[in-house]
Amino acid sequence: MLDLPAQTVPLHDGYDVIVCGGGPAGCAAAAAAAREGAHTLLLEATGALGGMGTSGLVPAWAPFSDGERIVYRGMAWRVLEECKAGQPHVARDATQWVPIDPERLKRVYDDLVTKAGAEVLFHHFLARVLTHEGSVTAVVAAGKGGLEAFRSAVYVDATGDADLAAWAGAPFQKGDARGTLMPATHCFVLGHVDDYGYRHGPILHPHNPDSPIYRILESEKYPRIPDFHLCNHTIGPGTVGFNAGHVWGVDNTDPASVSRAMIEGRKMAAAYRDALAEFHPRAFANAFLVATGELMGVRETRRIVGDYVLTLDDYRARRSFPDEICRNCYYIDIHQAEDEKARRPSDVAKVEAHTMRYGRGESHGIPYRCLLPKGLRNVLVAGRSISCERAVQGSVRIMPACLAMGEGAGAAAAMAAAAGGDARAVEVGRLRARLREHGAYLP
């Protein structure tokens, strides 16, 4: 251990709301807080907003519809509609697994946040959280200007890993009972794909027993390809995005493990390109690897312990709550442990055993209390690290749900700032009414 010398750093004061993390939840939170009149700052560690949909290259949105209606409405729906407006190959009424153009989505998020009136600082990495008697008094971020401190009345933790809340002393859980985390995926993009061959050739998804992925695995020529996970979507002309393969043993709160995973993920992406060129030449013979994600596709780390813990029983019961700030309809999707690698068509049933799916028209509520970490007065958490059981986290972690949670958190943060900085002083009925006014689905 090393004791650092005392240091005085610049302090940027006067904000009502500071949002840490510019993924879907953070973007929606910053935009919603600013929309409510709060002086809002968004701190983002990378050079772009959007998180996994942009820097992470996730190739498609999870479904926005429960089969009967749009569940992720309000700000989430407007983001999707803006994306589709610039994608001629996507049907205007598409709501299920809509492909993502990551460069367009970056601009959509830029506009969402800045046009609402929030400020953005890129390349500012959360480094320290200062607290006093259960309140966060300032956050310290590291950037090219060195260390800088930022102060506001209320803070929204949208880091994905609950960094702010955890460093402020909030209790949290992590992984399963043994602390094991779901595997990560390093998404990538292949260009110069033959569109006709891709559209009319065999479906790559492992639910197709004739998918080339099974022949690739059987050949054992590409040992870096670990299993049959192979989601893929056309994101542009001759361009296919992949959410494929797994990297185990990745903990996004451990920089060394993430660094190892990034190196392995890039090699894995190159292996997929070569394997698809060999086993699906009609589409991929001349394909080349355009990009790998700047972010590792991390599915879980910390989950805060909040005023309410959303449970698997709540999910099964399709439960509604008087304080819910959004709804969720995605299936429970827990990716398999390393000793359960799925490599054969018969393994599809094994993977499905980890899932739980709703029927048409079914959803559950996400209570405001799940955003409130125990022991902290002026902090809200939005995104995949809200207070919930691990199984439920396998559902609420998707980007549409994060957008919806972020909008609720941001609007609540603005109200809390106006109420002296107490997140529990928010009048939930008024919060829900404001979200409905902006289009949220709150039946």
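This section describes strand pairing, two buried charged residues, a cavity and a pocket in a predicted model.

Strand E2 covers residues 40-43. Both of its faces are covered. Thr40 and Leu42 lie on one side, Leu41 and Leu43 on the other, and all four are buried. E2 pairs with strand E1 (residues 11-20) in the parallel sense, over four bridges. Within this pairing, isoleucine 18 has leucine 41 of E2 as its bridge partner. The connection from E1 to E2 passes through helix H1 (residues 24-35). This β-α-β crossover is right-handed. E2 is also joined to strand E3 (residues 119-121). These two strands run parallel and share three bridges. Here leucine 41 is the bridge partner of glutamate 119 in E3. Leucine 41 thus has bridge partners in both E1 and E3.

Aspartate 163 and arginine 302 form the next topic. Aspartate 163 belongs to helix H4, which spans residues 163-167. Its relative accessibility is 14%, so aspartate 163 counts as buried; the cut-off for burial is under 20%. Beyond residues up to four places away in sequence, aspartate 163 touches Leu126, Asp157 and Arg302. Arginine 302 itself lies in strand E12 (residues 302-304). Arginine 302 also counts as buried, because its relative accessibility is 10%. Its contacts, leaving aside neighbours within four places in sequence, include Asp161, Ala162 and Asp163. Ala166, Trp167, Phe172, Gln173 and Lys174 are also among them. Thr253 and Ser385 are in contact with arginine 302 as well. Aspartate 251 is 51 residues from arginine 302 along the chain. The C-alpha atoms of these two residues are separated by 9.7 Å.

Strand E13 comprises residues 324-328. The strand is mostly covered, with five of its five residues buried. E13 pairs with strand E16 (residues 364-367). The pairing is antiparallel and runs over four bridges. Arginine 327 has glycine 365 of E16 as its bridge partner.

E13 also contributes to a cavity wall. A search of the whole structure finds one cavity of 30 Å³ or more. The largest cavity holds about 70 Å³ of space. Its lining includes Ile325, Cys326 and Arg327. Val71, Arg73, Ala404, Glu407, Leu435, Ala440 and Tyr441 also line the largest cavity. E13 and helix H12 (399-418) each supply at least two lining residues. E13 gives the most, with three. By class, the lining has seven nonpolar and three charged residues, and no polar ones. Arginine 327 therefore appears twice in this account, as a bridge partner of glycine 365 and as a lining residue of the largest cavity, where lining means having an atom within 4 Å of a cavity point.

The second largest pocket has a volume of about 320 Å³. Leu4, Pro5, Ala6, Gln7 and Val9 are among its lining residues. The lining also includes Ala127, Arg128 and Leu130, together with Val140, Leu147 and Ala149. Strand E4 (125-132) and strand E6 (146-157) are the elements that give two or more residues to this lining. E4 gives the most, with three residues. Nine of the lining residues are nonpolar, one is polar and one is charged.

Terms used
Residues numbered from 1 in each chain as written. Predicted model: local features only at pLDDT ≥ 70, side-chain atom pairs only at ≥ 80, totals over all residues. Heavy atoms only, no water. 1 Å grid on protein atoms, 1.4 Å probe; cavity = no way out; pocket = protein on both sides within 12 Å on 5 of 7 lines; lining within 4 Å. Points joined across faces, edges and corners; volume = space filled by probe spheres on them. Nonpolar A, V, L, I, M, F, W, Y, C, P; charged D, E, K, R; others polar. Buried < 20%, exposed > 50% of the residue type's maximum accessible area, 1.4 Å probe, protein only. Contact = heavy atoms within 4.5 Å. Pairing = 2+ DSSP bridges. Right-handed = clockwise from strand over helix to strand, strands pointing away.
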